[in-house]
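Here are my notes for your review. Please read them with the model open.

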Amino acid sequence: MICVNALTQLKCHKKDVLEKLLIVLSPFATAYRRGVMGKLGHQESIIKASYPEFNPEYVKEDSFEYPIMINGKLRTKITFEIGKNPKDIEAETIANEVVQKWLEGKPPKKIVVVPGKIVNVVM
């Protein structure tokens with residue numbers, strides 16, 4: 001449903017994309033598949049269609065949204081590049097205006113960066 005909603009939001013009408021999505025969804029939407037494949041111009045059953053090949057480039061992430069915890073409570077989220085240096089993440093976190101509001105001008109006692117997971121600021 002997330003994929004369908006995203007494609008709807010993008011107003012995607014590309015036959016190649018929709019056919020592959022329908023083939024992947026066909027085991028779950030059996031009643032729906034016949035009508036849609038017919039509308040796409042296919043006479044054969046979708047069961048005979050070949051499954052789309054997996055391409056890792058399509059699922060590769062280039063950023064991650066870190067939850068920023070201050071004294072154990074979620075205060076904001078900041079998106080950083082995957083593989084970014086933890087020291088740079090610390091610096092940008094401290095410079096963030098939401099974090100500054102919660103720090104109230106005081107320096108943090110400790111900042112813990114768990115790459116790809118979380119940033120925890122201890123006051």
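1. Along strand E3 (residues 110-114), which side chains point to one face and are buried, and which point to the other and are not? Ile111 and Val113 are the buried ones. Lys110, Val112 and Val114 point to the other face and are not buried. Keep in mind that this is a predicted model.

2. Strand E3 has a partner. It pairs with strand E4 (residues 118-122) in the antiparallel sense, over five bridges. One contact to check is Val114, whose bridge partner in E4 is Ile118. The two strands form a hairpin, with three residues between them. Gly116 sits in the turn and has a positive phi of about 75°.

3. Now the aromatic pairs. The count comes to two. In one of them, Phe64 and Tyr66 meet edge-to-face, with 4.9 Å centre to centre and 85° between the planes. In the other, Tyr66 and Phe80 are also edge-to-face, at 5.5 Å centre to centre and 65° between the planes. Ring pairs thus link Phe64, Tyr66 and Phe80 into a cluster.

4. What does the pair of Tyr66 and Phe80 tie together? Tyr66 lies in strand E1 (residues 63-70), while Phe80 lies in strand E2 (residues 73-81). The pair therefore joins parts that are 14 residues apart in sequence.

5. Burial within the cluster is worth a look. Tyr66 has a relative accessible area of 4%, so it is buried. Phe80 also counts as buried, because its relative accessibility is 2%. Phe64 is at 28% and so counts as partly exposed.

6. A charge also sits over a ring. Arg75 lies over the face of Trp102, at 3.7 Å from the ring centre.

7. Next, the largest pocket. It holds about 610 Å³ of space. The lining has 14 residues, and the closest to the pocket centre are Lys20, Val24, Pro52, Glu53 and Tyr58. By class, 10 lining residues are nonpolar, one is polar and three are charged.

8. Which helix gives the largest share of that lining? Helix H2 does, with five residues. Helix H1 (2-9) and helix H2 (15-25) each supply at least two residues of the lining.

9. For a first pass in the viewer, I would take three places in turn. Start at the hairpin of E3 and E4. Go on to the ring cluster of Phe64, Tyr66 and Phe80. Finish at the largest pocket, with Lys20 and Glu53 among the residues closest to its centre.

Notes
Residues numbered from 1 in each chain as written. Predicted model: local features only at pLDDT ≥ 70, side-chain atom pairs only at ≥ 80, totals over all residues. Heavy atoms only, no water. Phe/Tyr/Trp six-rings, centres within 6.5 Å; stacked < 30°, edge-to-face > 60°. Buried < 20%, exposed > 50% of the residue type's maximum accessible area, 1.4 Å probe, protein only. Helix = DSSP H or I, 4+ residues; strand = E, 2+ residues; numbered from the N terminus. Lys NZ or Arg CZ within 6 Å of the ring centre and 35° of its normal. 1 Å grid on protein atoms, 1.4 Å probe; cavity = no way out; pocket = protein on both sides within 12 Å on 5 of 7 lines; lining within 4 Å. Points joined across faces, edges and corners; volume = space filled by probe spheres on them. Nonpolar A, V, L, I, M, F, W, Y, C, P; charged D, E, K, R; others polar. Pairing = 2+ DSSP bridges.
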